[in-house]
Structures are given as C-alpha cells and as structure tokens.
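Visitor: Could you take me through this model, please? I would like to begin with the overall layout and then look at particular residues.

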Amino acid sequence: MTDVADGQLWLDPGRARRGGADLSLAGEAVTARRAQVGGGIAAASTQRPWGRDDIGAAFERVYRGAEETVLRAWDGVGRCLTGLGADVVRSVDANLETDAAAGGRLDRIADPRRHPR
C-alpha cells in the first residue's frame, strides 16, 4: 500500500483503498460470525447445561462473566475492523485531496500568471 524510498512515502491509492475495503469486509464477517456462533453459545448457556446443583452454581458464577466478556470483545473486534477499514478509505481520499490542493498551490507559486493579483 505504501513504499518508503529515499525518505519519501509513496501511497498506492487503489491498493490502499482495496485494503481498507478488505478490512471492512473482514469486520463484517467477524460480526456475522459473532451473531451466529456467539448467539448460539449465549442461547445454549441460558439452559445451564452444567447443572443447577452447588457445583453448577459455582461454575455459573465464573462462566457467566467470562462468556459476557468474550462475546462483548468478539463484537468489538468486528466493529473495530469494520470502522478501521472505512477509516483507511477516508484517509486515502483525504491524503489525495490534500496532495492535489498542495500541488495546485505550488503550481500557482511556480507560475504567477496562474494566480492573478
């Protein structure tokens, strides 16, 4: 996506945009998998398959917090990947716009006829 040569940073906008789009798609896939598999895990655990005796109750206390943490983190990873992909695409577009605007200003400095006073 980028290449650093001779102290300069070169951006391949098409490749960077595709990378951002791929990140967004990966985030959507993680989110969908969380909904499918994670939802199944949450639904199955409501039945308390480990039992309701003293040992099952002890397991429940420890398990429930861990389950919630894992499912919340899984959901967060999906959202973050999706958002990061969109941010990459916006960053590439902003970089190209900034570069074009700076180039236009430099052209006007180099050729005063392009910028009447």
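Guide: The conversation below goes from the whole chain to its helices and then to single residues. Please keep in mind that this is a predicted model.

Visitor: Which elements does the chain have, and in what order do they run?

Guide: The chain has 2 helices and 2 strands. From the N terminus on, the order is β-β-α-α.

Visitor: And how much of the chain counts as buried?

Guide: The chain has 117 residues, and 14% of them count as buried.

Visitor: Let us turn to H1. How many residues does H1 have, and how far does H1 reach?

Guide: Helix H1 covers residues 13-45. It has 33 residues, and from its first C-alpha to its last it reaches 46 Å. That is close to the 48 Å expected at 1.5 Å a residue.

Visitor: Where is the kink in H1 centred?

Guide: The kink in H1 is centred on Gly38 and amounts to about 25 degrees. Gly38 is also one of the buried residues of H1. The others are Ala16, Gly20, Ser24, Gly27, Arg34 and Ser45.

Visitor: What about Ala35: buried or exposed?

Guide: Ala35, which is in helix H1, counts as exposed because its relative accessibility is 52%, and the cut-off for exposed is over 50%.

Visitor: How far is the C-alpha atom of Ala35 from that of Asp75?

Guide: Those two C-alpha atoms are separated by 8.2 Å, while Ala35 and Asp75 are 40 residues apart along the chain.

Visitor: Now H2, please. What are its number of residues and its reach?

Guide: Helix H2, residues 54-110, has 57 residues and reaches 82 Å from first C-alpha to last. The span expected at 1.5 Å a residue is 84 Å, and the helix comes close to it. There is a kink of about 25 degrees in H2, with Tyr63 at its centre.

Visitor: Which residues of H2 are buried?

Guide: Those residues are Gly56, Glu60, Arg64, Glu67, Leu71, Gly76, Gly78, Gly85 and Val92.

Visitor: And where does Asp87 lie?

Guide: Asp87 lies in helix H2, and it counts as partly exposed because its relative accessibility is 40%. Between Asp87 and Ala21 the C-alpha distance is 9.8 Å, although 66 residues separate them in sequence.

Visitor: How do the axes of H1 and H2 cross?

Guide: The two axes come within 8 Å and cross at roughly 165 degrees. An angle over 145 degrees counts as roughly antiparallel, so H1 is roughly antiparallel to H2. The crossing of H1 and H2 is left-handed.

Visitor: What kinds of residues make up the contact of H1 with H2?

Guide: The contact of H1 with H2 divides into 20 nonpolar, 9 polar and 9 charged residues.

Visitor: One last topic: what is the phi of Arg48?

Guide: Arg48 lies in the loop between H1 and H2, and its phi is near 50 degrees, a positive value in a residue other than glycine. Most residues other than glycine have a negative phi. Arg48 counts as partly exposed, because its relative accessibility is 23%.

How values were computed:
Residues are numbered from 1 along each chain as its sequence is written. This is a predicted model: local features need pLDDT of at least 70, side-chain atom pairs count only at pLDDT 80 or more; totals for chains, interfaces and linings use all residues. Side-chain values use heavy atoms; hydrogens and water are left out. Axes are lines fitted to C-alpha atoms, for helices over the stretch in contact, and angles run from 0 to 180 degrees between N-to-C directions. Helices (H or I, at least four residues) and strands (E, at least two) are DSSP runs, numbered from the N terminus. Angles under 35 degrees count as roughly parallel, over 145 as roughly antiparallel, 65 to 115 as roughly perpendicular and the rest as oblique. A crossing is left-handed if the near helix is turned anticlockwise from the far one by less than a right angle, and right-handed if clockwise. Ala, Val, Leu, Ile, Met, Phe, Trp, Tyr, Cys and Pro count as nonpolar, Asp, Glu, Lys and Arg as charged, and the others, Gly among them, as polar. The expected span of a helix is 1.5 Å times one less than its number of residues. The bend at a residue is the angle between axes fitted to the seven residues ending there and the seven starting there. Buried means under 20% relative accessible area, exposed over 50%, partly exposed in between (1.4 Å probe, protein chains only).
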